[in-house]
Amino acid sequence: MTESLKLWRNARLATCNDSMQAIGRGALLTRGARIEWVGAEADVPAAPAGDTYERHDLGGAWVTPGLIDCHTHLVFAGTRANEYAQRLRGSSYAEIARSGGGILSTMRAVRSASPQELFEASAPRLEALLAEGVTTVEIKSGYGLTLADEAKMLRTARALEQAYPVTIKTTLLAAHTVPPEFTGRADAYIDTIVEEWLPELTSEGLIDAVDVFCESIGFSVAQSERLFDAARALHLPVKMHAEQLTNLGGTQMATRHRALSCDHLEYATEEDAAALAYAGTVAVLLPVAFYCLADDHKPPIAALRAAGVRMAIASDCNPGSAPASSLLLTMSMATRLFGLTSEEALAGVTRNAARALGVHSERGILAAGHAADFVIWNVRSIEELGYWIGFNPRRTVVRAGRILP
Ligand code: NIG
Ligand code: FE
């Protein structure tokens, strides 16, 4: 049986390609789960002999690629609303972490949750993202911190992909904090991840990339580098939570390892921006964490822009620093708080987010050969994405060539 050919016409296309080209009266042709052709309505190729197009008139609506949330910790159990309340009363994120709360508090909740409970706790957060036109999501482990519990988190992420119309990329973030079994022995913990967990979880096909929290309250640059060496020996791409609360020099090391992305970057410097540009490493900005931690040190956007660094933005959905499941709100915060342009914000959740996950050859832009994942919006201008707060202008999501119910 041949795959169905569909013509999506009378659309305004935000292609999100390198020049952020818009096509005022555009059309898309899809064959099965792929885009076959993109262009001006006037140039639509004729259907092959003996074939017909299933035709969809989009009524002049704006269309973007399916949105990509390239940094989330959305698989977790419990909440940390109590810590948010503590921070409102003046405690800092780092203080709470040092006193045994923070990531360790979520670790306890995740360890005691069954796979089913973890799935059920996480699914509504994924559903909220999907409702806004997200079609690809990265999900990190990092709250299990034993081999079995990290595997449980990663399997939950894979189970979500089976249950929902979404592409999920999993990232091992075992190096999120030192678990109680290794208190005072961070190096031994890294050894265990490197020697035992990485090979095991890789052989189970549970890891698409490896991440580390390189920070004063996380892991040192040397420890992060040992992890990166091991990941790369297994042909796994690497990424880093870098320069969020302090600057340890993580970005310099990560870019030497050609990391896919460095994320947060509040304390990154001009030299870091140059290194990111040179390596082609994406800067992933996480404005919700900046907002919720009431941070006052912004990432060096002007330097990143001047150096030509690709900037992505992501929700960072997690129970501590970013209890958020809205990529549209994240776009609003990236523009208003960090000063991104509307166009940069859109590129940040499409083309550049795809690159942060290493899937840019098949996702993140409207182009022939790419996944037929796109969103039809109820907006008059594309700047409305990231403009509304608490209002969702999504009309229809097409995923792998099919209209989602
Ligand atoms: O991206 N900074 C480390 N990881 C998360 C927060 C995790 C947590 O607090 O639970 C982040 O902000
Ligand atoms: Fe994070």
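Along the chain, the residues that hold the iron ion (ligand 2) are spaced as H-x1-H-x167-H-x74-D. Keep in mind that this is a predicted model. Besides the metal, there's ligand 1, which sits in the largest cavity.

**The iron site**

- Four protein atoms act as donors to the iron ion (ligand 2): NE2 of His71, NE2 of His73, NE2 of His241 and OD of Asp316.
- Those donors lie 2.1 to 2.4 Å from the iron ion.
- His71 has 0% relative accessibility, so it counts as buried, the cut-off being under 20%.
- His73 comes in at 2% relative accessibility, so this residue counts as buried too.

**Who surrounds ligand 1**

- There are 15 residues around ligand 1, and the ones that come nearest are Arg80, Tyr93, Tyr143, His264 and Ser321.
- Sorted by class, the shell around ligand 1 is made up of nine polar, four nonpolar and two charged residues.

**Polar contacts and burial of ligand 1**

- Tyr143 puts a polar side-chain atom 2.6 Å from an oxygen atom of ligand 1.
- Arg80 has a side-chain N or O atom sitting 2.8 Å from an oxygen atom of ligand 1.
- With Gln244 the partner on the ligand is a nitrogen atom: a polar side-chain atom of Gln244 lies 3.0 Å from that nitrogen of ligand 1.
- On its own, ligand 1 would expose 330 Å², and the protein buries 100% of that area.

Methods. Residues numbered from 1 in each chain as written. Chains lettered and ligands numbered in written order. Predicted model: local features only at pLDDT ≥ 70, side-chain atom pairs only at ≥ 80, totals over all residues. Heavy atoms only, no water. Near = heavy atom within 4 Å. Polar contact = N/O pair within 3.5 Å; in protein donor to acceptor, adjacent residues only side chain to side chain. Areas by Shrake-Rupley, 256 points an atom, 1.4 Å probe, with all protein chains shown as cover. 1 Å grid on protein atoms, 1.4 Å probe; cavity = no way out; pocket = protein on both sides within 12 Å on 5 of 7 lines; lining within 4 Å. Sits in = over half its atoms within 2 Å of the grid points. Nonpolar A, V, L, I, M, F, W, Y, C, P; charged D, E, K, R; others polar. Donors = N, O, S within 2.8 Å, 3.2 Å for Na, K, Ca; no water. Buried < 20%, exposed > 50% of the residue type's maximum accessible area, 1.4 Å probe, protein only.
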